[in-house]
Amino acid sequence: MIKPARESQHIQPMSRQHGLALTTAGLVLMPVLLAVGYWLDGRAQLVIVFLFLAAMVTAFLGVLKLREPEFSFTLSAANLHFHHKVGGWSLRWSNIMRIDQPKLNRGFEMVDLPYVGLRIRDYDEFLPLMTARLAVHLLTEQRPLLSLALRYGAISRHELQDWLIEDNKFRSANGEQYVGVIAMLGHRMGHLRDLYGYDLLIHESSLDREAGEFVTLLRGFLASARESNHTEY
């Protein structure tokens, strides 16, 4: 018997949490500190200035959090959608081969990384939907993964230098040609697959729970999609 499709679910990222509280606290503290500084008439001036700057930073951090999209992911019966302030991407469940938390070898043990990994079946269903701005963001955001691979000995320093600035021409497995930052993203996805086994790696800050728990959630949607014939295998 085919199970009913799962209801859509929205994910609010941890990076957005406490944004309103931080903004409010900073904006309230700044005039209070100004009043206290005026009342003290120059006494403890350095302390007041330091606290005022701290309140400004707090408010600024809160505003940055509030600028993030309300939801980082929307999980529907047929698709996985990612939302970002500079764009977004979408994957059909049928185009996702595997979901897991990537690992690296450290001596004789495997270390779980704070990421969720997605292995994609067909790049040509994904790359044409990317905007240049989001592609640049992903290339920048995923640089630490290359440095991490170097630290654990998975790549050489020479490879790291080559991969930090990817080739701007890319041919997919199906023969499609890409140029510019989209081509660079295609190469980066291939390198991440070689290093970690996944084409897209999403940091925990974009999630609402730990990476391992989010993997379980995504696998549930993937299984439901397969059982409901939203995907073909």
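**Notebook: sheet, cores and a helix pair**

I started with strand 8 (residues 115-120), which pairs with strand 11 in the antiparallel sense over 4 bridges. The model I am reading is predicted. I looked up one bridge in this pair: L118 has L200 in strand 11 as its partner.

Next I took the whole sheet. It is open, has 3 strands in the order 5-8-11, and its pairing is antiparallel. Which strands stand at the edges? They are strand 5 (96-100) and strand 11 (200-203). Each has a single partner strand, so one side of each lacks a neighbour in the sheet. I noted the twist too: from one strand to the next it averages 20 degrees.

**Cores**

I then turned to the nonpolar cores. The largest has 40 residues. Which residues have the most contacts inside it? I listed F73, W89, L118 and F126. L118 is thus on two of my lists, as a core residue and as the bridge partner of L200. Helix 7 (residues 211-227) gives this core its largest share, 8 residues.

I checked W89 and left out its neighbours within four places in sequence. Its contacts include F73, L118 and F126. L200 and I202 are also among them, and so are M130, L134 and L138. L80, H81 and F82 complete the list.

A second core is separate and has 15 residues, including L113, L148, I155 and L160.

**L185**

I picked L185 in helix 6 (residues 180-196). Is L185 buried or exposed? It is buried, because its relative accessible area is 0% and the cut-off for buried is under 20%. Not counting residues up to four places away in sequence, L185 touches F126, L127, M130, A135, L138 and L139. F126, M130 and L138 are on the contact list of W89 as well. I also looked up A132, which is 53 residues from L185 along the chain. Their C-alpha atoms are separated by 9.7 Å.

**Helices 4 and 5**

Last, I looked at helix 4 (residues 143-151) and helix 5 (residues 157-164). Their axes come within 10 Å and cross at roughly 170 degrees. Angles over 145 degrees count as roughly antiparallel, so helix 4 is roughly antiparallel to helix 5.

Which residues meet here? From helix 4 I noted R143, L146, S147 and L150. From helix 5 I noted R157, L160, W163 and L164. L160 is also in the second core. By type, the contact divides into 5 nonpolar, 1 polar and 2 charged residues.

Conventions: Residues numbered from 1 in each chain as written. Predicted model: local features only at pLDDT ≥ 70, side-chain atom pairs only at ≥ 80, totals over all residues. Heavy atoms only, no water. Pairing = 2+ DSSP bridges. Axes fitted to C-alpha atoms, helices over the stretch in contact; angles between N-to-C directions. Core = buried A, V, L, I, M, F, W, Y, C linked by side-chain atoms within 4.5 Å. Buried < 20%, exposed > 50% of the residue type's maximum accessible area, 1.4 Å probe, protein only. Contact = heavy atoms within 4.5 Å. Parallel < 35°, antiparallel > 145°, perpendicular 65-115°, else oblique. Nonpolar A, V, L, I, M, F, W, Y, C, P; charged D, E, K, R; others polar.
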